[in-house]
Amino acid sequence: MQGPQDDAYNFSYEQLLAVLQTNVAAPALLAALFLPLLEKGTKKTIVNVSSGMGSLTQDHGSMMSMYCVSKAALNMLVRLSFRFLYETASHLVDSRRISK
């Protein structure tokens, strides 16, 4: 979910929460919900779709800061999930590393 055009200090708290719920909380809750099935499956794969807009090393300007913050949080969730699920999931796909 992409929020409206905003900047780092000019945003709606409600819109920020909505973007974080969609781009961070929902993937985390879905992974937790499906974890028992993942453990039983043969192809243990979790796919989270992030964006270069969540990069901490690239400057994308001041617009769309809510979206950028949410994708940076999703990137951290994926990184932490990999450590937590290393024994369970055989594939954690990083969408930024998929070539077209």
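These are my notebook entries on one chain, looked up in a predicted model.

**Entry 1, fold.** I began with the secondary structure. I find 2 helices and 2 strands in the chain. Followed along the sequence, they come in the pattern α-β-α-β.

**Entry 2, contacts and burial.** I then took the chain as a whole. The chain has 100 residues, and 30% of them are buried. For contacts between residues at least 6 apart in sequence, I note that 70% join residues at least 24 apart.

**Entry 3, surface.** I looked up the accessible surface next, and for the chain it comes to about 7,100 Å². Carbon and sulfur atoms account for 61% of that surface. I also listed a nonpolar surface patch of about 420 Å², made by L30, L33, F34 and L37.

**Entry 4, L30.** I picked L30 out of the patch for a closer look. L30 lies in helix 1, which covers residues 13-40. Is L30 buried or exposed? Neither: its relative accessible area is 47%, so I put L30 down as partly exposed. Patch residues need over 30% relative accessible area, and L30 at 47% is one of the residues that make the patch.

**Entry 5, N75.** I turned to helix 2, residues 65-85, where N75 is placed. I count N75 as buried because its relative accessibility is 14%, and the cut-off for buried is under 20%. I also checked N75 against S51. The two are 24 residues apart in sequence, and their C-alpha atoms are 8.6 Å apart in space.

Notes: Residues are numbered from 1 along each chain as its sequence is written. This is a predicted model: local features need pLDDT of at least 70, side-chain atom pairs count only at pLDDT 80 or more; totals for chains, interfaces and linings use all residues. Side-chain values use heavy atoms; hydrogens and water are left out. Buried means under 20% relative accessible area, exposed over 50%, partly exposed in between (1.4 Å probe, protein chains only). Contact means heavy atoms within 4.5 Å. Accessible areas come from the Shrake-Rupley method with a 1.4 Å probe; for residues, only the protein chains shown count as cover. Patches are made of residues with over 30% relative accessible area and no salt bridge: like charges are joined within 9 Å, nonpolar side chains (Val, Leu, Ile, Met, Phe, Trp, Tyr) within 5 Å. A salt bridge is a side-chain nitrogen of Lys or Arg within 4 Å of a carboxyl oxygen of Asp or Glu.
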